[in-house]
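Biologist: I am new to this structure and would like to understand how each label is earned. Could we look at the chain together and reason from the values?

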Amino acid sequence: MFRNPDRSAPLRKISITMIFVHGATIISSISQILVEVHVGTYLITDRNNNRIVRYYTNDTIGTVVAGNSTPGNSPSELNSPKGIAVDQYGAIIVADSSNYRIQRFPLGSKVGTTLAINSTINILGQVRDLHINVNNEIFVTDSEYSHVLKYYPNNGVGVILAGNYGSGSAANQLSSPYGNFVDGNETLYVADTGNSRVQMYLSGATSGTTVAGITSSSGSSLMQFNSPIAVIVDNNGYIYVADYGNSRIIKWTTNYSMGGICVVGCTGTVGVAANQLDSPRDLKFDAAGNLNLKPAQQRVLAALDEFVVESIKAWSCLSNIVNGMPIPQVYRKRLLKQIDLAEQYQKVIHSGHCSDNSDCITHCTTFGLSDPKCPEHEAKCTQAHTSDCPDCINISRTLDEIGEMIKQISNEEFKRETKYDFDNASQHIIEWSRHNIRGARQNEAKNQIISQIGDDEAFCTFDWGQNILPQEFRGKQSTYFGKKGMSVLVGSFVWKNSSTITATTTSPSTPTFYTESYILAITNAAQTDLDSLSANEIIIKQFKENRMHIKNLHKHTDNAGCLGKANVPNISTIRSIEYNAKCMKIFKTSNIGEGVSVPYKNIDFSTNMRLTSPFTVPINEEDHAIASKKRSDREHHHFFMCLLSGCTSTFESSTDLDSHISANLHKVPPPNPRTSNDIARLHLIEAVRSINTQTHRATDRVRKHQDVIDGDMSNSIHAKHFSSAGRALRTRKHNNTMSEKTISCIQDIWLNSLKTGSKPTPDQVQHQIRTQRDDRSGQTLF
């Protein structure tokens, strides 16, 4: 556990904090990493999901080894775990922070035993860091009571090693400490976060010596720290510190007066490059002597909009609810499969099914976006909507079934909390369906405009540069939306040339379309409304100069947010605008209804930009060496494999498979001779066939269960949300006023974060609010 490398050990930055796609494990918030004895194995404290997850090298799907994603205090539950260690028997030791206890999970077991818990004889608060030595003695940092405790085996009462004199900045005091480290000589090192220093305690000492940082002096110089949060020491006595507030790693030698040496994150800025960090929280050496860093936040944007992200989390929440309910295993497996099918359908297929005047009510964009209460935004659908979509029905029935099961829960508090999560998840899932309808309609309108534009017209779209960058070159979200650094606006244009139309006897005439994009780099822009208008004007003027035959533009925008200060009723619900000579016509969605005419009042504005370098250098593909990369992590392929052993044929539909079997057109490689590649290929095919067969059998079981249920959805609680007129229209968000008690609780959390130097996420704040309890009754306060 305390193997330390020499000073030449390389640094390695691991990015475990990310969201994996295709059903991989989603890690919400890592408090600590642990590099196990065998190289390439990591234990992760997934704090917000109340569990411990083990990863092996190159894994995207982790194995939950402790906790069950539901906060609780039973032997099999955790509540905001933070520190983690493994004893010599392979048992996992967990600092179960919000339960004020230390749990031990034997190797292979998810049922823990309590080693220590808060009591009158053992004061234990918010436990942060936790380590264990070869004698199975546990060292714990308690930031709430500002001390470090040592627990001997089979003794649930801790001995205070450091900070026995209350919170403070004296040599015998600590202030909200986080990390600790004990070397082979029992010398204790403490990351004294609140005092911006690292303290060293020789074995048996009650007062510490400052070996890094300056007491109560927070800063960014190499003599200072800004919330040091983790500490580790190598065999040479060099101290490595995770300087959380400065987003860097500092190495301090044995010569204190020389100050620290920055080893990672030395640019002075937060970023995603190999030499940058973002609020590192933990440090560990692995068996090869590599120093592993745990970045605090997700490093890249996933290119998913808020509806998709929240809905994916919602389906995961429903899976957690089902796993946590006391129901027969056969029901649980079926419900989990229904959830998986429903999520994949919403993610991949639903938007492709949606179209103008579809005969299926859950797919019809005209019906879903027509406002029956407003004639100007209403359009009559020509379909009777006699068709049903089994996948959309599956979504409604799955929500109905889980909702009914929640009603049967006998524990009132557990029922209330579960229903709260279920209601939130259901709303996000319904909103995802509405979002797919709107997106399909938007794409239809865009394609219609492009197909019908005249020779003197062009279609254009503008967006700030984050969305066009390949994901590996993107910054983190706060950098983009925080408007730091240089902004880039991209304007793209499409137009056609009818003079090049060609026709053949076998195909209709096809016009030739041209595209052109302009990239405007802006040295200083906050991306305000005026910035967007000014930058748009520069690009449009240049395009007009280059393409003088274009007289009219069709401009695409995601929403009418740029008109937020305009005097237009219900502007937040407007999604499409048509600009005419004297007025603009606004629509709630493209080509639905006659629209509402709004006369112009003042369309003049003064630009706040000037062009310093002209658009004179075209960028051609041959001028740069970056090869295009096609992403494959979100591609879904459904295929059918022949059931005959040895046949390597695969098909995209069951109909093709049936034809293949009927015609006896099997492709079976000869048994001999075989190369090693042939053998490997056949082994892979058999493995995939087995998985594919199991998946299709599980799907068939769900389909058969749906078939035996009464097809009448009139009594469904959730079906109306997927089949009502105008259901997909944007609505104004309602602001729910918080109570004084809630406001006071949030203020307390914020003040505590200032004291401890932590930065709670919105999810963490919500969790803290929901877990607040009355000291007397023990009941939740909110």
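Biologist: Which residues is Gln542 in contact with, leaving aside its neighbours within four places in sequence?

Modeller: In this predicted model, Gln542 is in contact with Tyr518 and Phe615 once its neighbours within four places in sequence are left aside, and the place of Gln542 itself is in helix 7, which covers residues 529–546.

Biologist: What makes Gln542 count as buried or exposed?

Modeller: The relative accessibility of Gln542 is 13%, and the word buried applies under 20%, so Gln542 counts as buried.

Biologist: Why are helix 11 and helix 12 called oblique to each other?

Modeller: The axes of helix 11 (residues 740–756) and helix 12 (residues 762–770) come within 10 Å and cross at roughly 120°. Angles of 65 to 115 degrees count as roughly perpendicular and those over 145 as roughly antiparallel, and an angle of roughly 120° belongs to neither class, so the two helices are oblique to each other. The crossing of helix 11 and helix 12 is, in addition, right-handed.

Biologist: Which residues make the contact between helix 11 and helix 12, and how do they divide into nonpolar, polar and charged?

Modeller: From helix 11 the contact is made by Thr742, Cys745, Ile746 and Ile749, and from helix 12 by Val765, Gln768 and Ile769. These residues divide into 5 nonpolar and 2 polar, with no charged residue in the contact.

Biologist: How do you know that Cys262 and Cys266 form a disulfide?

Modeller: Their sulfur atoms are 2.2 Å apart, and a pair of cysteine sulfur atoms within 2.5 Å is what the rule asks for, so Cys262 and Cys266 form a disulfide. By this rule the count comes to 1 disulfide.

Biologist: Why is the disulfide of Cys262 and Cys266 given a handedness, and which one is it?

Modeller: The torsion about the S-S bond of Cys262 and Cys266 is about -105°, so the disulfide is left-handed. As for its surroundings, Cys266 has a relative accessible area of 46%, so Cys266 is partly exposed.

Biologist: Why is the sulfur of Cys354 not bonded to the closest cysteine sulfur?

Modeller: The closest cysteine sulfur, in Cys392, is 7.3 Å from the sulfur of Cys354, which is too far for a bond. Cys354 has a relative accessible area of 6%, so Cys354 is buried, and Cys374, at 17% relative accessibility, counts as buried too.

Biologist: What makes phi of Ser146 worth pointing out, and where does Ser146 lie?

Modeller: Phi of Ser146 is near 55°, a positive value in a residue other than glycine. Ser146 lies in the loop between strand 11 (138–142) and strand 12 (147–151), and its relative accessibility is 3%, so Ser146 counts as buried. Ser216, likewise not a glycine, has a positive phi of about 60°, and Ser216 is found in the loop between strand 17 (209–213) and strand 18 (228–233).

Biologist: Why is Ala171 called partly exposed, and which residues does Ala171 touch?

Modeller: Ala171, found in the loop between strand 13 (159–162) and strand 14 (180–182), has a relative accessible area of 38%, and since buried means under 20% and exposed over 50%, Ala171 is partly exposed. Not counting residues up to four places away in sequence, Ala171 touches Gln199, Tyr201, Ser207 and Gly208. The C-alpha atoms of Ala171 and Thr215 are separated by 9.5 Å, although these residues are 44 residues apart along the chain.

Conventions:
Residues numbered from 1 in each chain as written. Predicted model: local features only at pLDDT ≥ 70, side-chain atom pairs only at ≥ 80, totals over all residues. Heavy atoms only, no water. Axes fitted to C-alpha atoms, helices over the stretch in contact; angles between N-to-C directions. Helix = DSSP H or I, 4+ residues; strand = E, 2+ residues; numbered from the N terminus. Parallel < 35°, antiparallel > 145°, perpendicular 65-115°, else oblique. Left-handed = near helix turned anticlockwise from the far one by under 90°. Contact = heavy atoms within 4.5 Å. Nonpolar A, V, L, I, M, F, W, Y, C, P; charged D, E, K, R; others polar. Buried < 20%, exposed > 50% of the residue type's maximum accessible area, 1.4 Å probe, protein only.
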